[in-house]
Amino acid sequence: MPDAPPTADERFMARALAVAKRGHPSPNPHVGAVAVNAVGEVIGEGHHESAGGDHAEIVALRAAGDSVAGGTLYVTLEPCNHHGRTPPCVDAIVAARIARVVIGCRDPNPQVTGGGIEALRREGIHVETGILEQESGALLAPWAKYVTTGIPYVRLKLALSLDGRIATRTGASRWITGPEARARVHLLRSNSDAVLVGVGTVISDDPRLNVRHVHGPSPKRVVLDTKLRTPLTSRLVETSADIPTWIICSRSTSEDARQALEERGVRVWPVDENTSGRVEIMSALRLLGSRGIVTVLVEGGAEIAGSFLAGQQSDELHAFLAPKLLGPRGRAGAVDWCGPAEPAGAPQLLNPTWELCGHDAYVHGRISHTGTDAV
């Protein structure tokens, strides 16, 4: 049977979801809103551009003006009913004399859930929920994890050859993938609060970790460096005044080493070690969450990728597969870890999306760490 055509509510919510992807509102969520008058015409739309700015509902209602009275407001997330940096959106919706509000998904914040919906209904406004709920939830997934756990949402990025390598036998890794794939990586960076690598990547590649190939802000740069081996002459350190640069190290590192980096503008954060004597991943993530980091793009080498997978700390995978064969001798694969005992227990992507980036294949999606049982 062919799929049923989308309803009017689904069409307008799809538009709200497209609008929601604009802006850089972190640590607040991406939210979109579309105002429709009583005869079904779009008369206003809006998104949450940045933290502290007007919410999507306010922007859409302002664009619609008085003609929205008696109409419908489509919003991807339950409108807020509490005072934060801005007044409650519920009050503005009531004042605009909206007749109906259609919501993509409820607010996952346990302190807020249902409050906006109940407040609207008390005012006699008809409220419908769950329209394109899955799509709305996917857009909000990073913020939902952060607001309910305090832990950032982790995207793991890999660039590898057909035979699963990230460098040649000499260690050369620039460039495995083509310019189109690299531009997509920079887009991922611009949509993340922080980009994270291990100190091995800093020493071997001396990366900049900024955004160059697309328009967008550069994220904070984070290095996991247990013993503070990051060179003072590295490009990350030398540009730390321009882009915030953080190093997460062991509590046992020397005060002199910390001071040398901090004098150059780097923030150094000591955390607990794991049983192997390295920075404990969850401690690092908790630290980042406490500093307002909602999304982290992990771009480190095989060891860092393996650590995040072994600890089941990755929420998404973004893998770029180049049509090249680099050979395995003397080099670990793209992920250096013990791995599962059986294929059925392997982490895998749920409903993966495959694309072409130039000549490279790009696959991405949510990661299940429990194998085929989760599919």
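Strand β7 (residues 194–198) pairs with β11 in the parallel sense, and three bridges join the two strands. The model in which this pairing appears is a predicted one. Within the pairing, A194 has V296 of β11 as its bridge partner. Strand β11 also pairs with strand β6 (residues 153–161), again in the parallel sense, over four bridges. Here the bridge partner of R155 is L297 in β11. The side chains of strand β11 (residues 295–298) are divided between two directions: T295 and L297 point one way, whereas V296 and V298 point the other way. Residues on both sides are nevertheless buried.

The overall dimensions of the protein provide the setting for these strands. The protein comprises 11 helices and 14 strands. A compact globule of 375 residues would have a radius of gyration near 21 Å, and the value of 23 Å computed for the protein agrees with this expectation. Along the principal axes, the C-alpha atoms fill a box of roughly 70 × 55 × 35 Å. Of the 375 residues, 49% count as buried. The accessible surface amounts to about 18,000 Å², and carbon and sulfur atoms contribute 50% of that area. Among contacts with a separation of 6 or more, 71% are accounted for by residues 24 or more positions apart.

A further set of parallel pairings involves strand β4 (residues 100–105), in which six of six residues are buried. Strand β4 pairs with β3 in the parallel sense over five bridges, and Y74 stands opposite V102 in β4. Strand β4 also pairs in the parallel sense with strand β5 (residues 126–129), in this case over four bridges. In that pairing, R100 stands opposite H126 of β5.

Aromatic pairs were then examined. The disposition of two aromatic rings is described by the distance of their centres and the angle of their planes. The count of aromatic pairs comes to three. One of these is formed by F12 and Y74, which adopt a tilted arrangement with 5.1 Å centre to centre and 45° between the planes. This pair links distant parts of the chain, since F12 belongs to helix α1 (residues 8–20) and Y74 to strand β3 (residues 72–77), 62 residues apart. F12 has a relative accessible area of 14% and is therefore buried, the cut-off being under 20%. Y74, at 3% relative accessibility, likewise counts as buried. Another pair is formed by W246 and W269, whose rings are edge-to-face, with 5.9 Å centre to centre and 70° between the planes. This second contact also connects distant parts of the chain: W246 lies in strand β9 and W269 in strand β10 (residues 267–271), 23 residues apart. Both W246 and W269 are buried.

Strand β9 (residues 245–250) also contains T245. With a relative accessible area of 2%, T245 is buried. Two polar atoms lie close to its side chain in the model. The side chain of R221 makes a polar contact with the side chain of T245 at 2.8 Å. In addition, the backbone oxygen of I243 lies 2.9 Å from a polar atom of the T245 side chain. When neighbours within four places in sequence are left aside, the residues in contact with T245 are R221, L236, S240, G265, V266 and R267. R221 thus appears both as a polar partner of the T245 side chain and among the residues in contact with T245.

Burial extends to the helical part of the structure as well. Helix α10 (residues 281–290) is mostly covered, with eight of its 10 residues buried. The buried residues of α10 are I281, M282, S283, A284, L285, L287, L288 and G289. Just after this helix, G292 takes a positive phi of about 85°.

Conventions
Residues are numbered from 1 along each chain as its sequence is written. This is a predicted model: local features need pLDDT of at least 70, side-chain atom pairs count only at pLDDT 80 or more; totals for chains, interfaces and linings use all residues. Side-chain values use heavy atoms; hydrogens and water are left out. Buried means under 20% relative accessible area, exposed over 50%, partly exposed in between (1.4 Å probe, protein chains only). A polar contact is a pair of N or O atoms within 3.5 Å; within protein, one must be able to donate a hydrogen and the other to accept it, and residues adjacent in sequence count only if both atoms are side-chain atoms. Contact means heavy atoms within 4.5 Å. Rings of Phe, Tyr and Trp (its six-membered ring) pair if their centres lie within 6.5 Å; planes under 30 degrees apart count as stacked, over 60 as edge-to-face and the rest as tilted. The radius of gyration is taken over C-alpha atoms; the globule rule is 2.2 Å times the number of residues to the power 0.38. Accessible areas come from the Shrake-Rupley method with a 1.4 Å probe; for residues, only the protein chains shown count as cover. Two strands pair if DSSP finds at least two bridges between them.
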